[in-house]
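Visitor: Please take a close look at a single part of this model, the packing of helices within one chain. Describe it in one connected account.

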Amino acid sequence: MKVKGSHVILSFVLLFTGFILAFSFQLTMESRSSADFSSQPEVEDELRNQIIMQQEANRELTEELRSLQSELSLAEEETAASERRYFNLVEDMDKLRMLTGEVAVQGEGIEVRLDDADYVPEDQHANSFIVHEEHVQRVIDELFVSGAEAVAVNGRRINHQSYIQCIGPVIEIDGDRSFAPFVITAIGDSEQLELALNLNGGVRDRLVSENVEVRIQKQNNIILDPDFDDSEDVQS
Amino acid sequence: MWLPIAGLLIGILLGLTTGFRVPDAYSSYLSIAVLAALDTLFGGIRAHLEKTFEEKVFLTGFFTNIILAAGLAFLGVHLGVDLYLAAVFAFGVRLFNNLAQIRRILLEKWSRYRERKSA
């Protein structure tokens with residue numbers, strides 16, 4: 001087969017065409033593959049999604065923060081309430097300590113002095129003219145009933161567990177012996193205490209009729225010391 | 001007959017293996033050139049079948065078409081008008097026309113051949 005000039009030209013043209021075709025094919029492939037990586041809208045979409053996700057996370061965290069804050073404020077309120085309760089408890093405890101005689105008490109009050117009768121007629125027994133434990137007990141009861149906060153007999157605090165016993169001419173209060181005269185000091189509203197003792201037919205009248213010398217005196221400032229060994233005695 | 005096919009294969013191989021890079025801005029020129037080359041090629045085949053093939057016309061047509069199309073696209077880019085679309089349109093229409101002519105001639109040849117064989 002003879003090689004004609006037209007064949008040479010045709011092959012040359014085909015070579016050129018093939019070159020251009022393959023080249024543009026390769027170029028298109030490359031640009032497409034690179035477009036996959038850096039195509040603008042996709043990147044934008046991804047960034048937007050990230051922003052949305054971040055915002056979502058932010059919102060969740062804010063919600064969490066808010067709930068934690070409310071929890072915290074609740075806890076604070078609780079603490080405040082319990083502190084108030086403790087304060088009240090401490091106050092109650094102070095009052096109760098005053099009543100049980102564990103702390104010193106100071107304030108206005110009243111002093112009642114009971115003494116044996118000076119004059120004993122010959123024909124009567126001396127026993128009817130001395131102060132008995134029941135007299136002391138009666139005064140103390142009356143004082144407590146009329147609102148005394150603290151009571152002491154000859155400096156000895158009387159609490160809820162105290163006992164008063166008669167031992168012949170002396171009386172024993174919580175294991176301590178006391179002699180006449182008995183000074184009963186009470187802290188409280190002195191006016192009211194005095195009135196209560198001086199009622200007609202009240203404690204004072206009865207004591208006087210039983211030949212006890214009674215002297216009642218209001219005091220502006222009385223200090224009652226606590227009595228520690230006394231409570232130990234009671235407990236043992 | 002084998003020489004043009006060999007040329008085509010060598011051309012494709014060269015195009016695939018070359019490391020030559022064209023910037024993205026000029027890729028539209030390349031596509032225009034591809035269209036022009038294909039159009040001229042099919043035109044040449046049609047002329048060959050119609051027995052009106054002329055080497056000089058074919059060769060000059062091939063290159064002037066490519067250069068003209070690229071120039072048109074260049075002008076369009078710089079004028080802000082998509083002139084390369086006109087080139088694409090014209091070449092596309094001519095391409096399909098040429099293909100239709102080729103198909104018709106081939107069909108005619110084939111039916112004549114069958115008639116002669118059966119007769």
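Guide: In this predicted model, the axes of H3(B) and H4(B), the latter a helix of chain B spanning residues 83-118, come within 7 Å and cross at roughly 150 degrees. An angle over 145 degrees counts as roughly antiparallel, and H3(B) and H4(B) are therefore roughly antiparallel to each other. On the H3(B) side the contact consists of B:Ala69, B:Leu72, B:Ala73, B:Leu75 and B:Gly76. These meet B:Leu83, B:Tyr84, B:Ala86, B:Ala87 and B:Phe91 of H4(B). By class, the contact of H3(B) with H4(B) holds nine nonpolar residues, one polar and no charged.

H3(B) also packs against H2(B): their axes come within 8 Å and cross at roughly 155 degrees. That angle makes H2(B) roughly antiparallel to H3(B). The crossing of H2(B) and H3(B) is right-handed. From H3(B), the residues making this contact include B:Phe58, B:Gly61, B:Phe62, B:Asn65, B:Ala69 and B:Ala73; from H2(B), they include B:Tyr29, B:Ile32, B:Leu35, B:Asp39, B:Gly43 and B:Gly44. The contact of H2(B) with H3(B) divides into 13 nonpolar, six polar and one charged residues. B:Ala69 and B:Ala73 of H3(B) thus appear in the contact with H2(B) and in the contact with H4(B).

Chain B also meets chain A, with 27 residues of chain B in contact with 23 residues of chain A. Helices H1 (2-17), H2 (27-49) and H3 (55-79) of chain B each supply at least two residues of the side that touches chain A. H1(B) gives the most, with 11 residues. That side of chain B comprises 19 nonpolar, six polar and two charged residues.

Note on methods: Residues numbered from 1 in each chain as written. Chains lettered and ligands numbered in written order. Predicted model: local features only at pLDDT ≥ 70, side-chain atom pairs only at ≥ 80, totals over all residues. Contact = placed C-beta atoms within 7 Å. Helix = DSSP H or I, 4+ residues; strand = E, 2+ residues; numbered from the N terminus. Nonpolar A, V, L, I, M, F, W, Y, C, P; charged D, E, K, R; others polar. Axes fitted to C-alpha atoms, helices over the stretch in contact; angles between N-to-C directions. Parallel < 35°, antiparallel > 145°, perpendicular 65-115°, else oblique. Left-handed = near helix turned anticlockwise from the far one by under 90°.
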